[in-house]
Amino acid sequence: LEGNVEVMYNGTWGTICDDYWDILDARVVCHQLGYDDAVSATHSAQFGQGTGKIWLDDVACLGTETSLAECSLPSFGSHNCHHYEDAGVICTNDHNHAADVELRLVNGSVPSEGRVEIYYNGEWGTICDDYWTIADATVVC
């Protein structure tokens, strides 16, 4: 259910760089692999550094694609990365994996704006904005 993501291009396997890698990209990969959803998009070669080619960088999925090939992709082999930046996923077949998570907006001037906070394991916390995009905000809303 988890590991670094590799793609085959021209008969050779290669990794994906974690620049801008987010949960929407992970969701597409997990669906393509036959899992229900993604729990996490991992960074910094969390599951170990790959070897050989780095095929993709700056992957940009909306989260609704059925294949990574449908996402916005740069040219294969075009990157500014090293294997310590390999991207990965944690997938799930648990339809209720988000059941214990609640979100709220706080300190906005109206109810539909504010800082996003997440309730998990009995406490509220903030979400780091590293690589936070409009796509992430759309999921929250």
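Hi everyone. Starting at the N terminus, the elements of this chain come in the order β-β-β-α-β-β-β-β-β-β-α. That makes two helices and nine strands. Please keep in mind that this is a predicted model.

A few overall numbers before the details. The chain has 141 residues, and 34% of them count as buried. Along the principal axes, the C-alpha atoms fill a box of roughly 50 × 30 × 25 Å. If you take the contacts between residues at least 6 apart in sequence, 62% of them join residues at least 24 apart.

Now to the sheets. One of them is an open sheet of three strands, ordered β2-β3-β5, and its pairing is mixed. Why is one side of β2 and of β5 left without a neighbour in the sheet? Both β2, residues 6-9, and β5 stand at the edges with a single partner strand each, so there is nothing in the sheet on the other side. Direction ignored, neighbouring strands here are turned by 55 degrees against each other on average.

Where does the mixed pairing show up? Let's take the two pairings in turn. β2 pairs with β3, residues 12-16, in the antiparallel sense, over four bridges. Those two strands form a hairpin with two residues between them. In that turn, Asn10 has a positive phi of about 50 degrees. On either side of the turn we find a bridge pair, Tyr9 with Thr12 in β3. The other pairing, β3 with β5, is parallel and runs over three bridges. Here Thr15 has Ile54 in β5 as its bridge partner.

The other sheet I'd like to show is also open, with three strands in the order β1-β6-β4 and antiparallel pairing. Its edge strands are β1, residues 2-4, and β4, residues 37-42, each of which pairs on one side only. Neighbouring strands in this sheet are turned by 20 degrees against each other on average, again with direction ignored. β1 and β6 run antiparallel and are joined by three bridges. If you'd like a residue to click on, Gly3 stands opposite Val89 in β6. Helix α1 packs on this sheet and touches β4 and β6. The direction of α1 makes about 130 degrees with that of β4.

Next, the aromatics. How many aromatic pairs does a search of the whole structure find? The count is four. Let me begin with Tyr9 and Trp55, whose ring centres are 4.9 Å apart. Their planes stand at 75 degrees, and therefore the pair is edge-to-face. Tyr9 belongs to strand β2 and Trp55 to strand β5, so this pair ties together parts that are 46 residues apart in sequence.

Is Trp55 buried or exposed? With 9% relative accessibility, Trp55 counts as buried. Tyr9 has a relative accessible area of 32%, so that residue is partly exposed. For anyone wondering about the cut-offs, buried means under 20% and exposed means over 50%.

A further edge-to-face pair is Tyr20 with Tyr131, at 5.8 Å centre to centre and with 85 degrees between the planes. This one links distant parts of the chain, 111 residues apart. Tyr20 is in the loop between β3 and α1, residues 23-32, while Tyr131 is in the loop between β9, residues 123-126, and α2, residues 134-140. Tyr131 counts as partly exposed, at 40% relative accessibility.

Coming back to Tyr9 and Trp55, these two form one aromatic cluster together with Phe76. And there is a ring with a charge over it, too. The charged end of Arg104 sits over the ring of Trp124, 3.9 Å from the ring centre.

Last stop, a residue in a loop. Ser67 is found between β5, residues 53-56, and β6, residues 88-92. Is Ser67 buried or exposed? Its relative accessibility is 17%, and because the cut-off for buried is under 20%, Ser67 counts as buried.

What does Ser67 touch, not counting residues up to four places away in sequence? The answer is Val28 and Gln32. Closer along the chain, a polar atom of the Ser67 side chain lies 3.1 Å from the backbone nitrogen of Ala69.

So, for your own look at the model, here are a few places to click. Try the hairpin of β2 and β3, with Asn10 in the turn. Then go to the cluster of Tyr9, Trp55 and Phe76, and to Arg104 over the ring of Trp124. Thanks for listening!

Conventions. Residues are numbered from 1 along each chain as its sequence is written. This is a predicted model: local features need pLDDT of at least 70, side-chain atom pairs count only at pLDDT 80 or more; totals for chains, interfaces and linings use all residues. Side-chain values use heavy atoms; hydrogens and water are left out. Buried means under 20% relative accessible area, exposed over 50%, partly exposed in between (1.4 Å probe, protein chains only). A polar contact is a pair of N or O atoms within 3.5 Å; within protein, one must be able to donate a hydrogen and the other to accept it, and residues adjacent in sequence count only if both atoms are side-chain atoms. Contact means heavy atoms within 4.5 Å. Two strands pair if DSSP finds at least two bridges between them. Axes are lines fitted to C-alpha atoms, for helices over the stretch in contact, and angles run from 0 to 180 degrees between N-to-C directions. Rings of Phe, Tyr and Trp (its six-membered ring) pair if their centres lie within 6.5 Å; planes under 30 degrees apart count as stacked, over 60 as edge-to-face and the rest as tilted. A charge sits over a ring if NZ of Lys or CZ of Arg is within 6 Å of the ring centre and within 35 degrees of the ring normal.
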